[in-house]
Amino acid sequence: MNKEGKYYYIDLNTSSMKIVNWGISNTATLTGETKNKDVHRIFLTKGQYNKVEKYLK
């Protein structure tokens, strides 16, 4: 677990190559797998997340 206990992520649909979700979670998977087989979760550092969030809003 990181110091803050927060994990920053983006969810990418691997079929369409589009970001379908982003946010902050209390838990992280080692693989990035999600319930949807076409969506992969990519974890980011807090700094990376803050930069990308500016463009996604």
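Where is the place of Met17 in the chain? Met17 sits in the loop between β1 and β2, and its surroundings are a good way into this structure. The model is predicted, so local features are reported only at pLDDT of at least 70 and side-chain atom pairs only at pLDDT 80 or more, whereas totals for chains, interfaces and linings use all residues. Residues are numbered from 1 along each chain as its sequence is written, and side-chain values use heavy atoms, with hydrogens and water left out.

The secondary structure of the protein chain amounts to one helix and three strands, arranged along the sequence as β-β-β-α. Both kinds of element are DSSP runs numbered from the N terminus, with helices being H or I over at least four residues and strands being E over at least two. The radius of gyration, taken over C-alpha atoms, is 11 Å, which agrees with the value near 10 Å for a compact globule of 57 residues; the globule rule used here is 2.2 Å times the number of residues to the power 0.38. Along the principal axes, the C-alpha trace spans about 35 × 25 × 10 Å. The chain exposes about 4500 Å², of which carbon and sulfur atoms supply 53%; accessible areas follow the Shrake-Rupley method with a 1.4 Å probe, and for residues only the protein chains shown count as cover. Of the 57 residues, 26% count as buried, where buried means under 20% relative accessible area, exposed over 50%, and partly exposed in between (1.4 Å probe, protein chains only).

The three strands make an open sheet in the order β2-β1-β3, with antiparallel pairing. The edges are β2 (18-25) and β3 (39-44), each of which pairs on one side only. From one strand to the next, the twist averages 25°. Pairing requires that DSSP finds at least two bridges between two strands. Seven bridges connect β1 (residues 7-13) with β2 in the antiparallel sense, and six join β1 to β3, again antiparallel. Across the first of these pairings, Leu12 stands opposite Ile19 and Asn13 stands opposite Lys18. The two strands form a hairpin with four residues between them. In that turn, Met17 has a positive phi of about 60°, although Met17 is a residue other than glycine. With 57% relative accessibility, Met17 counts as exposed.

What, by contrast, is the state of β1? Seven of the seven residues of β1 are buried, so the strand is largely enclosed by the rest of the structure. In a regular strand the side chains alternate between the two faces of the sheet. Here both faces are covered: Tyr7, Tyr9, Asp11 and Asn13 are buried on one side, and Tyr8, Ile10 and Leu12 on the other.

Helix α1 (residues 46-56) lies across β1, β2 and β3 and runs at about 130° to β2. Axes are lines fitted to C-alpha atoms, for helices over the stretch in contact, and angles run from 0 to 180 degrees between N-to-C directions. Tyr49 is found in this helix and counts as buried, at 4% relative accessibility. Beyond its neighbours within four places in sequence, Tyr49 is in contact with Tyr8, Tyr9, Trp22, Gly23, Ile24 and Leu44, contact meaning heavy atoms within 4.5 Å. Tyr49 and Tyr8 are 41 residues apart along the chain, yet their C-alpha atoms are separated by 6.2 Å. Over the whole chain, among contacts between residues at least 6 apart in sequence, 45% join residues at least 24 apart.

Side chains of opposite charge can pair when their charged atoms come close. A search of the whole structure finds three salt bridges, each a side-chain nitrogen of Lys or Arg within 4 Å of a carboxyl oxygen of Asp or Glu. One of them joins Arg41 to Asp11, with the closest N and O atoms 2.7 Å apart. Arg41 lies in β3 and Asp11 in β1, so this pair ties together parts that are 30 residues apart in sequence. The two residues are also bridge partners in the sheet, and Asp11 is buried at 5% relative accessibility. Another salt bridge links Lys37 and Asp38 (3.6 Å, N to O); Lys37 is exposed at 76%, while Asp38 is partly exposed at 27%. Lys57 also pairs with Glu53, the closest N and O atoms being 3.5 Å apart. Lys57 is exposed, with a relative accessible area of 74%, whereas Glu53 is buried at 19%.
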